[in-house]
Amino acid sequence: MHKADNSALKIVVLVKYVPDTQFDRHLTANSHTVDRSESILSELDEYAIEAALQLIEARGGAKAGNTVTALTVGPAAAVNAVKKALQLGATDGVHVTDEALAGSDASGTSLVLAAAIRSLGPVDLVLTGMASTDGETSLVPAQLAERLGLAQLTFAASLEVDGGVVTARRDDGQESETVQAQLPALVSVTDQINEPRYPNFKGIIAAKKKKVAELALSDLGLDPGQVGRTGAWTTVLSAEARPPRGQGTIITDEGDAGIKLVDFLASRKLL
Amino acid sequence: MAGTAKILVFIDSPDGPLHKVQRELLTLAGTLGEPAAAVSSPPDEALLAELAGYGAATVYQPAAQLEDSLVAPNAAFLANVVREAAPAAVLLENSYEGKETAARLGIKLSSGVVTDAIAVAPDLSVTKSVLAGAYTVVAKVTTGTPLITVKANSIEAAAGTGTGMPVVVEVDPGEPGPAARVTERSAKPASGRPDLGEARVVVAGGRGVNGDFGPIEELADALGGAVGASRAATDAGWIDHSAQVGQTGKTVSPQLYISAGISGAIQQKAGMQTAQVIVAVNKDADSPVFEIADFGVVGDLFQVLPQAAGEIRKRKG
Ligand SMILES: Cc1cc2nc3c(=O)[nH]c(=O)nc-3n(C[C@H](O)[C@H](O)[C@H](O)COP(=O)(O)OP(=O)(O)OC[C@H]3O[C@@H](n4cnc5c(N)ncnc54)[C@H](O)[C@@H]3O)c2cc1C
Ligand SMILES: Nc1ncnc2c1ncn2[C@@H]1O[C@H](COP(=O)(O)O)[C@@H](O)[C@H]1O
């Protein structure tokens, strides 16, 4: 389904509901999973939403038939991540939620995301954040691309779609690369790509009328055993809060702190 | 010598001698079993000899050149290598490409992936830190061949007593499927300093340098270290984005991290909290960075850093 023209774009943007990094974050004692009580839309996914909105706005927006579907997989409250995306301008939402999903790893999450995206029919572009701020693995976008048989353009610091071709620039330390693929494709974006907008009053009102489809695993033809803790391909054996770094020595400069700093380095054999 | 199971190390785009991280991966493989290497392009004699030195008895290379595309060709090739070599585990670099190669390989082989390893035990359980360094967890792959991406500086690279050239085995590169082509590459100007991700010493500057990275570079050079930065400094355009340390920049775990004029926001800590020793220089005694510093100086970086650099040069003669 290559798009040789510049007709309407159908975009899916992945949004994850994660514990707010502003607060102390915890792992639950028995299951070693992340405590999600103070959660928000992952701030790194705001860049993906913004990228999607800019792409459709350049093509006449929703009026011209372009769509941005915000998709999340997560517990009941995760729908808030989708709602935030709708307030920002996404056109509709999908929330996959199921008891059996608790404890999923990247393989399980990507399995469910892939099934949910397939259920939407042909899409042109899947946009994701560069990493979730809780899992921090960056595994999901690549695993999803593999499952859907899509070209991946990951860690995009810029993004263009023209004539059915997607072009991105990525910075990888010593090198800057330009990468290109035919649509459909999966793109993960970094925080260098744009400045995410804030929801405005109009957007908040408009969002109330937008549809969010709630799906269970059975709606996607998936078996509970394929996901969650049972279906995971990895397990966490133990978790320990990092001990506060041993009481460090803090000095106030009295004109010789540079020398004292070097004494400290010498005492730790770091010179 | 540990068990005799093969531990496969992925060596991506070899271009001359092995990189430091690659030597570390091979060393780690030697502590877990018998190292073997999968190289994404045919190794020359010198590289084979170097691999032999690290105990790699077998080297797998693609039977035809891999496409210059992102990740997918590496994953397709490696999947065939794993089928051929049946290793007990695969070790890869913890770079973007390393993690993503592991990710796609994981789906191809129905194998679990653990990223950001700082240690791997003989039973292949992996130690890593999560939630921006707030927790240390031990994780394990329970399905398939463990695919583990290992952070730089997790182990001291040490060539073993390997003898004899490795056996080179050609492996079908497989079918990568749709992939993004690399249409242009532009190398960034070389700084002459060690690579930020691999360096043993990192000296990083933040908004407090106020546009002048001179004192940061001077101290980095005195210590033979790399230069890092906070996002405030890279966003201001004072230094290239590739120097950014943190959640959306590089994750580094050097032996020594010197933070100067950086407040220590959670996103900055996410990238440096696993450093072995942290030194902070900041004017503000209430800066959160002091909570994680082993040694802190409340003072002006424009005074403290040049003085320290001068003292180091003096002591080193
Ligand atoms: C999505 C997202 C991703 C982010 N990713 C990253 C990331 O990867 N890395 C990162 O670093 N940040 C990241 N940030 C930004 C982060 O939240 C902070 O804003 C940033 O780290 C602050 O940089 P700073 O410490 O240099 O600046 P500030 O917080 O402004 O601190 C400057 C410090 O310099 C001190 N100072 C000033 N003058 C001097 C002097 N002469 N001598 C000594 N000390 C002095 C001050 O006391 C102050 O503590 C991210 C933010 C978001 C929202
Ligand atoms: N449960 C989820 N629901 C929706 N999107 C997700 C989910 N998990 C991960 N993602 C997407 O994948 C990106 C990378 O996540 P990760 O691989 O966990 O670091 C995120 O920025 C999201 O865009």
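## A buried alanine in chain B

B:Ala117 is buried, its relative accessible area being 0%; the cut-off for a buried residue is under 20%. The model in which this residue is described is a predicted one. B:Ala117 belongs to strand β5 of chain B, which covers residues 113–120.

Leaving aside residues up to four places away in sequence, B:Ala117 is in contact with B:Val126, B:Thr127 and B:Lys128, with B:Ile148, B:Thr149, B:Val150 and B:Lys151, and with B:Ser154. A further spatial relation concerns B:Asn94, which lies 23 residues from B:Ala117 along the chain. The C-alpha atoms of B:Ala117 and B:Asn94 are 8.1 Å apart.

## Overall form of chain B

Chain B contains eight helices and 15 strands. Its radius of gyration, 21 Å, is close to the 20 Å expected from the globule rule for 317 residues, and chain B is therefore as compact as a globular protein of that length. The C-alpha trace of chain B extends over about 60 × 45 × 40 Å along its principal axes.

Of the 317 residues in chain B, 59% are buried. The exposed surface of chain B amounts to about 11,500 Å², of which carbon and sulfur atoms supply 49%. When contacts in chain B between residues at least 6 apart in sequence are considered, 66% of them join residues at least 24 apart.

## The parallel sheet of chain A

In chain A, seven strands make up an open sheet with parallel pairing, arranged in the order β7-β11-β6-β1-β4-β5-β12. The edges are occupied by β7 (151–156) and β12 (212–215) of chain A; each has a single partner strand, so one side of each has no neighbour in the sheet. Neighbouring strands of this sheet are turned by 20° against each other on average, direction ignored.

At one of these edges, β7(A) pairs in the parallel sense with strand β11 (residues 185–189) of chain A over four bridges. Within this pairing, A:Leu153 is placed opposite A:Val187 of β11(A).

## Helices packed on the sheet

Helix α2 of chain A, residues 79–88, packs on the sheet and touches β4 (67–73), β5 (92–96) and β12 of chain A. The direction of helix α2 makes about 170° with that of β5(A).

Helix α3 of chain A, residues 106–119, also packs on the sheet, where it touches β1 (10–14), β4, β5, β6 (125–129) and β12 of chain A. The direction of helix α3 makes about 150° with that of β4(A).

Methods
Residues numbered from 1 in each chain as written. Chains lettered and ligands numbered in written order. Predicted model: local features only at pLDDT ≥ 70, side-chain atom pairs only at ≥ 80, totals over all residues. Heavy atoms only, no water. Pairing = 2+ DSSP bridges. Helix = DSSP H or I, 4+ residues; strand = E, 2+ residues; numbered from the N terminus. Axes fitted to C-alpha atoms, helices over the stretch in contact; angles between N-to-C directions. Contact = heavy atoms within 4.5 Å. Rg over C-alpha atoms; globule rule 2.2 N^0.38 Å. Buried < 20%, exposed > 50% of the residue type's maximum accessible area, 1.4 Å probe, protein only. Areas by Shrake-Rupley, 256 points an atom, 1.4 Å probe, with all protein chains shown as cover.
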